[in-house]
Amino acid sequence: METIVARITPGGRSAVALIRISGRESWKIVRQLVSRFPESITPGSFFYSKILEEGKVVDDVVVSLWKGPASYTGEDVVEIGSHGNPLIVQKLIELCIAAGARFAQPGEFSQRAFTHGKMDLTQVESVIDIISASTEVALRAAHAMREGRLGLKIQEFKGKLIDLLAHLEAYIDFPEEDITPETGEQFQSRVIDLKEETDLLLKTAPYGKAIREGIRTVIVGEPNVGKSTFLNLLLREKRAIVSDRPGTTRDTIEAPYQLGGIPLVLVDTAGQRETEDSIEQEGIDRARQGMAQADLVIYLIDATKPDPLRLDREQKAGQLWVKIGNKADLGLNLHENAFPFSCHESGAVEKIERFLTQKILDSMPTTTLSDFAINARQEGALRLASENLQRGLDSLLQGESPEYASIGLRAALEAFGSVVGLATNEDILDSLFKQFCIGK
Ligand SMILES: Nc1nc2c(ncn2[C@@H]2O[C@H](COP(=O)(O)OP(=O)(O)OP(=O)(O)O)[C@@H](O)[C@H]2O)c(=O)[nH]1
Ligand SMILES: [Mg+2]
């Protein structure tokens, strides 16, 4: 593999900038550039030097060295810390390229780490999550994935499935070996267990989406129920115009907001009512579009009277709806099944934040919550695995020949493999030989 080089700190000016060189030639390349290279240097340590071009100083730098496989990429790696001037960084990269390196593609260092078995795919993805996490909760989940917890779980699933396949395929391929196939009830229940475990992981997908992308939270209701007041209360600023005139808000108003470490995007909307005003109508239409696309809908009603709208009949699958009876300070209509609340009561913001946090947590699978938060790609692969486990199971239940069940289970195995990005066929063979000593 070619030796690659790139800047690994952001562009622009800064106190220090780092460039990374990875590949077999990396130490040799740096040796050519520095004014002095220590005779004995242990991997993982660093030294101070000048970088020279035709005898002239380009910059004074700190050089850190690692020997593969004990490095980020698994290859020999050098990092050069220079002053954070784009001209210097550009020059250093040019010198490295002139000495035999090539400019790295986006993500290529992590790709090499994956190729060299330093990380599985879930860990590669977690690197991106760690960099982009905007809340502590998201960061914690990303670190859990970086530690390989999801990867380990998938390996565990694969191990179980390989074991099942080994039984099944030994039975198919070597009937004369007199192997009793474990394809009866016990076999089926093991497939069912595995599918259930997979489905449990799949349930963490909404949580994963929430912490990565934020929960799209749309505030809807009649005019004048206090939607904009509610938005301002949570944001702790007078973001939207509030007035006692119904129909104040027209445009949707979006604002990022954090709730107990979970990122939300709050959207205030125009109140829903019949109107002749075409501009207000446009606002109402936008509100309805927003409502359809929401993950969480905060449905505000007037606590003092019955709800004339019944918007909650429009709840979509996968959406969480929270019904809040605002203005409870003015009275309470006990027939409405809504959380009594007043934007004007003391401690209002703490009270509503506690309530919303609880609602959101309740809507998510708490058992796996802190450990796993799968992303969309992982969700797709796990869904495929789950479907194929079901196919295999159906085939067994219908008493079809074991070849058919094997097709489903193999497809599931491949899908599990694609979560972590590893090939599987060798694994099956290994396990098969170990357990049955075929070819003795
Ligand atoms: N008493 C009382 N008044 C409130 C409460 N919340 C909001 N209000 C008042 O209700 C009126 C309407 O508030 P807004 O926040 O503008 O209502 P809205 O739902 O955004 O109205 P539109 O934008 O017209 O749809 C304002 O006069 C607020 O001060 C509350 O909890 N109690
Ligand atoms: Mg408003």
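How many bridges join β11 to β12, and in which sense do these strands run? Two bridges join them, and the strands run parallel. The report below places that pairing in the wider arrangement of what is a predicted model.

## Domains of the chain

The domain assignment divides the chain into domain 1, covering 4-115, domain 2, made of 149-204 + 373-436, and domain 3, covering 215-358. Domain 2 is thus given as two segments of sequence, and its C-alpha centre lies 47 Å from that of domain 3.

A pair of residues gives a further distance within the model: S189 and A104 are 85 residues apart in sequence, and their C-alpha atoms are 49 Å apart in space. S189 is part of helix α7, residues 185-202. This residue counts as exposed because 11 other C-beta atoms lie within 10 Å, and the cut-off for that class is 12 or fewer.

## The sheet from β3 to β6

One open sheet is built from six strands in the order β3-β4-β5-β2-β1-β6, with mixed pairing. Its edges are β3 (46-53) and β6 (102-103), each of which pairs on one side only. At the β6 end, strand β1 (residues 4-7) pairs with β6 in the parallel sense over two bridges, and I4 has R102 of β6 as its bridge partner.

Two backbone features belong to the loops that link strands of this sheet. In the loop between β3 and β4, E54 has a positive phi of about 50° although it is not a glycine; this residue is exposed, since 5 other C-beta atoms lie within 10 Å. The loop between β4 (56-66) and β5 (77-84) holds P69, which is joined to G68 by a cis peptide bond with omega of about 5°.

## The sheet from β8 to β12

A second group of six strands forms an open sheet in the order β8-β9-β7-β10-β11-β12, and here too the pairing is mixed. The edge positions are taken by β8 and β12 (339-340); each has a single partner strand, so one side of each is left without a neighbour in the sheet. At the β8 edge, strand β8 (residues 253-259) pairs with strand β9 (residues 262-268) in the antiparallel sense over seven bridges, and P256 stands opposite V265 in β9. These two strands form a hairpin with two residues between them, and G260 in the turn has a positive phi of about 50°.

Toward the other edge, strand β10 (residues 296-302) and strand β11 (residues 320-326) pair in the parallel sense over seven bridges. Within this pairing, I298 stands opposite V322, while Y299 stands opposite K323. In a regular strand the side chains alternate between the two faces of the sheet. Strand β11 in turn is joined to β12 by the two bridges with which this report opened, and the bridge partner of I324 in β12 is F339.

The loop between β10 and β11 contains R310, whose phi is near 55°, a positive value in a residue other than glycine. R310 counts as exposed because it has 10 C-beta neighbours inside 10 Å.

## The largest nonpolar core

The largest nonpolar core has 106 residues, of which I21, L161, I219, Y299 and F416 touch the most other members. Helix α6 (residues 149-173) supplies the largest share of this core, with ten residues. In soluble globular proteins, nonpolar side chains tend to be buried together.

What is L161 in contact with, leaving aside its neighbours within four places in sequence? Its contacts are L194, L409, A412, L413 and F416. F416 also appears among the core residues that touch the most other members, as does Y299, the residue that stands opposite K323 in β11.

## The shell around ligand 1

Around ligand 1 there are 23 residues, and those that come nearest are G226, S228, T229, T249 and G271. Helix α9 (residues 227-235) gives the most to this shell, with three residues.

By class, the residues of the shell divide into seven nonpolar, twelve polar and four charged. For a reader setting up calculations on this region, it bears repeating that the model is predicted.

Technical notes:
Residues are numbered from 1 along each chain as its sequence is written. Chains are lettered from A and ligands numbered from 1 in the order in which they are written. This is a predicted model: local features need pLDDT of at least 70, side-chain atom pairs count only at pLDDT 80 or more; totals for chains, interfaces and linings use all residues. A residue is near a molecule or strand if its C-beta atom, placed from the backbone, lies within 6 Å of it. Helices (H or I, at least four residues) and strands (E, at least two) are DSSP runs, numbered from the N terminus. Ala, Val, Leu, Ile, Met, Phe, Trp, Tyr, Cys and Pro count as nonpolar, Asp, Glu, Lys and Arg as charged, and the others, Gly among them, as polar. Two strands pair if DSSP finds at least two bridges between them. Domain bounds come from an automatic or database domain assignment. A residue is buried if 20 or more other C-beta atoms lie within 10 Å of its own, exposed if 12 or fewer, and partly exposed in between; C-beta atoms are placed from the backbone. A nonpolar core is a set of buried Ala, Val, Leu, Ile, Met, Phe, Trp, Tyr and Cys residues joined through C-beta atoms within 7 Å. Two residues are in contact if their C-beta atoms, placed from the backbone, lie within 7 Å.
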